Amino acid sequence: MPPPDQPRKPTASETALLAALYTALAVTEEKIEESAIKYRELTYVRSCWLEDEEGRQRFREFAEEKRYPIWDILTRFRAQDSVESVFREIDKAASAKEQALDAQSTLRQSIRELCRPFLRSLTIMDLPDEVLLDIFEELEGFTPDHRRWNFISRPGVNAIKNVRLVCRRFSNLSSRFLIRRVQVTPDLSSIAFLDQISRHPTIARGIRDIEVLLQFRFVSALDSFSGLIGFLREQLGNQLDRFNQVWARVHGEDKMDLYHKIMDGGTAAYLVLERMELQRDEEDGVQDAVEGDGEHLEFLQKVHDKRNMLVQEERSLVESGQFAEAIASAMARMPAARGLRLTDNDLRFRRDEHIISAEETVWEGIKRVALRPFCNQFRKETGLEDPDLGSVGQIINAARRAGVELESLAINLHSWGKPGSIMSSLGSRDVISGALKRLKRFSFDCEQTLDGKEVNEVEQLCSTFTGTPSLQRLELRLNRDEDLNEAPPWVNLTKILGTTMSRPKLVHLCLRNLAISHPIKLLRLLPSPMYSVYLSTVRLVGDTGTWRETLDALVKSACEWFKLRRPLGAECETWMTGANYVEVFGTTGDSTIDDTSQAERYVIWGGSYGPNPLKELEDRHTPEVETPPPSP
């Protein structure tokens, strides 16, 4: 007989009984899954079609034509009584699922009672580290697809903090899930923090993404003291006007003491800056200060000197390549950091651009704004010069030289920066493309309306990073201002992807404000099935293809999820009327995500939905040609 602390081995009859129970459990779980699927489908039918008499009539028409996408489960229903049959089948599916769940519970209880003598007592501490890491990652709730929102909103991060308090082993293992993305800016303190994180024995293993904020202090117009004074005076004046309007609209007559305190301090500072600007001299700077302004003049001169020092430090880091090399070295030390996001705008830092604040004096706000870097959106709003974004190419090349094999690359820009600054820093396209053989996700966003030269540069940039067969997700989101006197040129997806290289893994496609030429040739290079395709304001170029042909090609790609918003070109601008457009594509603008147009249903459901809606519309639009009578 085995010792009390050791489990005994099961007999042959017990082993056979356990095998039979596990087989029955597997069969029962299959029945549960089948009944659950059937119940969901039938419930969907009921909610979509059978809630009112109009929906029932439409369902009967679809049943007669067998156009419904899940008709395979309804073929035994006759058209005249299909509605009542659906409700009966829903009750049967619910009853079958309930019975299967009861059988599953009974089988599991029997298995537990039979196995109890053969199992030794185990706790969670007996699990290996690999299993615990999987448990902690599931607890964190992080989705490793490198989307920005997944790094900002992680509901399980507080649970991870509590797990670290359990014991030393749990703390060591779960610490890698505390930080998923590190944000770095071109200054020494930020680089030092990144270097410290990359050398941490535990936290460095959990970093998935490096976000580089391309916000710079350098502005040639602010190098001089008088230029800085004029800039600060203009910003303070604009913000005082906005503060006065917003306060009156939001607070009315409430908190007037705070209102007068802020307005009086801001107005006094504005007058000081205005007097200094009027007294400026091109050679000697500000002349003798007005009585009482000497303290403020000394304060602003110190701020100007510190700003120039920070600008020189920033330019030295960027132009020497030290900034890019520090990022690449840190990524090489972190085994999971294979995502890189380059952006010139972060809304979380826009609040620092306001001089007026209830938490500090106006002069403290002036100092903060004068010393901070400027994002591109702020530069556009205030008329400051575009920055040099050569750091984009420097960082990517430095990562290549450090041996970092990027899996995700995102470039999110508010403006394109100085013309040619990005492309000139990238270097050889073949070298860059050869180093991105493992790139799975690429996204490019630009909020600026591009001109002709910038469009060519964007096409070259995107083609450089999409020239790999490993690409799985492509997101290109651009902006267009149609109110300009001349229609701006379009970025062409076909010029980016080409029509010769196959994309066997590109199953996610998201496009906004792009043009496509030869869409059929392009779609033939994509895999089937595709998981998701989102097209918003996409134009078909010239006579290279029609939307009717494009919808047929998308049906062959078997998209599981498809959205088409505001298509342009081809039929949309030739013979289709406004009513025709709404009938096939929905509204003329971006609809809500729940709206499904005829074109979308045709692509998702294919032949089970019916013929191509554009073909039907075109057949109705094309007049029948009468056959001329035979000549006598």
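1. In this predicted model, A558 is partly exposed, its relative accessible area being 34%, a value that falls between the 20% limit for buried and the 50% limit for exposed residues. A558 sits in the loop that connects α21 (547–556) with β11 (561–565), and its phi is near 55°, which is a positive value in a residue other than glycine. Such a value deserves a second look, because most residues other than glycine have a negative phi.

2. R566 can be read alongside A558. R566 belongs to the loop between β11 and β12 (568–569), its phi is likewise positive and near 55° although the residue is not glycine, and at 33% relative accessibility R566 counts as partly exposed.

3. Two further backbone features may be noted here. The peptide bond between S528 and P529 is cis, with omega at about 5°, and P529 is placed in the loop that runs between α20 (519–524) and β10 (532–540); for comparison, most peptide bonds are trans. A positive phi of about 65° is found at G606, just after helix α23 (residues 598–605), and within α23 the residues A599, E600, R601, Y602 and V603 are buried.

4. For the chain as a whole, the model has 24 helices and twelve strands, and 47% of its 632 residues count as buried. Where contacts join residues at least 6 apart in sequence, 76% of them link residues at least 24 apart. The chain exposes about 33,300 Å², of which carbon and sulfur atoms supply 51%.

5. How many of the six residues of β7 are buried? Six of the six are, so strand β7 is largely enclosed by the rest of the structure. The side chains of this strand (residues 441–446) divide between two directions: R441, S443 and D445 point one way, F442, F444 and C446 point the other way, and all are buried.

6. The pairing around β7 can be followed on both partners. Strand β6 (residues 408–413) pairs with β7 in the parallel sense over six bridges, and the bridge partner of A410 in β7 is S443. Six bridges also join β7 to β8, and these strands run parallel, with R441 standing opposite R473 in β8. The connection from β7 passes through helix α18 (residues 452–465) to β8, and together these elements make a right-handed β-α-β unit.

7. Strand β8 (residues 473–478) is itself mostly covered, five of its six residues being buried. Five bridges join β8 to strand β9 (residues 508–516), again in a parallel arrangement, and C510 in β9 is the bridge partner of E475.

8. Helix α12 (residues 322–333) offers a simple check of geometry: at 1.5 Å a residue its twelve residues should span 16 Å, and its end C-alpha atoms are 17 Å apart, which agrees. The buried residues of α12 are F323, A324, I327, A328, A330 and M331, and because they cover an arc of only 160° around the axis, they are on the same side of the helix. These buried residues pack against several elements, namely β1 (181–184), α8 (188–198), β2 (209–213), α11 (294–319), β5 (339–343) and α15 (391–401).

How values were computed: Residues are numbered from 1 along each chain as its sequence is written. This is a predicted model: local features need pLDDT of at least 70, side-chain atom pairs count only at pLDDT 80 or more; totals for chains, interfaces and linings use all residues. Side-chain values use heavy atoms; hydrogens and water are left out. Buried means under 20% relative accessible area, exposed over 50%, partly exposed in between (1.4 Å probe, protein chains only). Helices (H or I, at least four residues) and strands (E, at least two) are DSSP runs, numbered from the N terminus. Two strands pair if DSSP finds at least two bridges between them. A crossover is right-handed if, with the strands pointing away from the viewer, the path from the first strand over the helix to the second runs clockwise. The expected span of a helix is 1.5 Å times one less than its number of residues. The arc is that of the directions from the helix axis to the C-beta atoms. Contact means heavy atoms within 4.5 Å. Accessible areas come from the Shrake-Rupley method with a 1.4 Å probe; for residues, only the protein chains shown count as cover.
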